[in-house]
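Biologist: I would like to go through this model with you. Let us begin with its aromatic rings.

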Amino acid sequence: MTTLIGQSPAFTRLRNALSMVAATDVGVLLLGEPGTGKETLAREIHACSARRDGRFGVFACTGAPPGALDRCVSALAQEGPATLYLDEVGELNAADQARLLHLIVEQDAARDGSRSGSGLRIVAASALDLDRLVQQGAFRRDLYLRLCVVPLEVPPLRDRALDIPALTQHFIATAAGRHRLDPPRLKSGAERLLRRYTWPGNLRELANLCERLVILLPGTEVGPENLPGEVVRGAPQSETDIGFSLPPHGIDLNDLEAELIRQALSLAGGNKSRAARLLGLSRDTLLYRLQKHLIAG
């Protein structure tokens, strides 16, 4: 796993898990916000697996026309061991969900007793809360269980602040090479703002910004004045401007935490990943606190 950039604790844990998963043929479900690099991680799993010499196919599930999934699977299956990456698998329509389930059952049956690396491996990804979709009847439970042998949470960029300098350097160098321009150099003030920004668009947003800087400011020094307004304005508020004051009679912190979690779930329409973002938590931490406070998800 040498092509993945980042040394933050959250990303290091994920990279270690990917290394173990790549050595197997089990189903992998990558969960995380849009723009977090799920396809790059899926490609890394393929590159480090026994099927690395086979094809890596990508199927966009959102708005897929009838028959497109069958055609994609047929094309890959004819070329020997391969990996199929399903982007936003939660968007699959009911008919394609049934076809995918049938395919996975067939693949699992064929793989029993055969050597590792044969057939078609499925790596799926979703920014949607698939567990909630299952509860709502919008996603097949049997398919979810087949896909979710190993679920991996991909951390958002705001949880990887330590990785932002290295990622910024990588994206600038890549864009400079692609456009044949001299890379700009970031001043310390600009670097600090990049580390403090919450990056709602995650890696994709950072990569876009780096490319913009390369095109507009090649070979120059980039200061805070050269950064977009949302990055400058996105710096954390001062500690005295948090919008809450402790009342003189005090509070019950557990009750307050439980109430804030309920409000976040309500604002997010029940989407746990979105609720976690509203609270500044990872999804795993939110799930733990839901259990702690006996709150139904």
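Biologist: How many aromatic pairs does the structure hold?

Modeller: This is a predicted model: local features need pLDDT of at least 70, side-chain atom pairs count only at pLDDT 80 or more, and totals for chains, interfaces and linings use all residues. Residues are numbered from 1 along each chain as its sequence is written, and side-chain values use heavy atoms, with hydrogens and water left out. Rings of Phe, Tyr and Trp (its six-membered ring) pair if their centres lie within 6.5 Å; planes under 30 degrees apart are stacked, over 60 edge-to-face, the rest tilted. The number of aromatic pairs here is two.

Biologist: Which parts does the pair of Phe56 and Tyr85 tie together?

Modeller: The pair is stacked, with 6.2 Å centre to centre and 20° between the planes. Both Phe56 and Tyr85 are buried (under 20% relative accessible area, 1.4 Å probe, protein chains only; exposed is over 50%, partly exposed in between). Strands (E, at least two residues) and helices (H or I, at least four) are DSSP runs, numbered from the N terminus. Phe56 lies in one strand and Tyr85 in another, so the pair ties together parts 29 residues apart in sequence: strands S2 and S3.

Biologist: What kind of pair do Tyr197 and Trp199 form?

Modeller: Tyr197 and Trp199 are both buried. Their ring centres are 4.7 Å apart and their planes stand at 75°, so the pair is edge-to-face.

Biologist: Which residue of S3 is the bridge partner of Ala60?

Modeller: Strands S2 (residues 56-60) and S3 (residues 82-87) run parallel, joined by five bridges; DSSP must find at least two for strands to pair. The bridge partner of Ala60 is Asp87.
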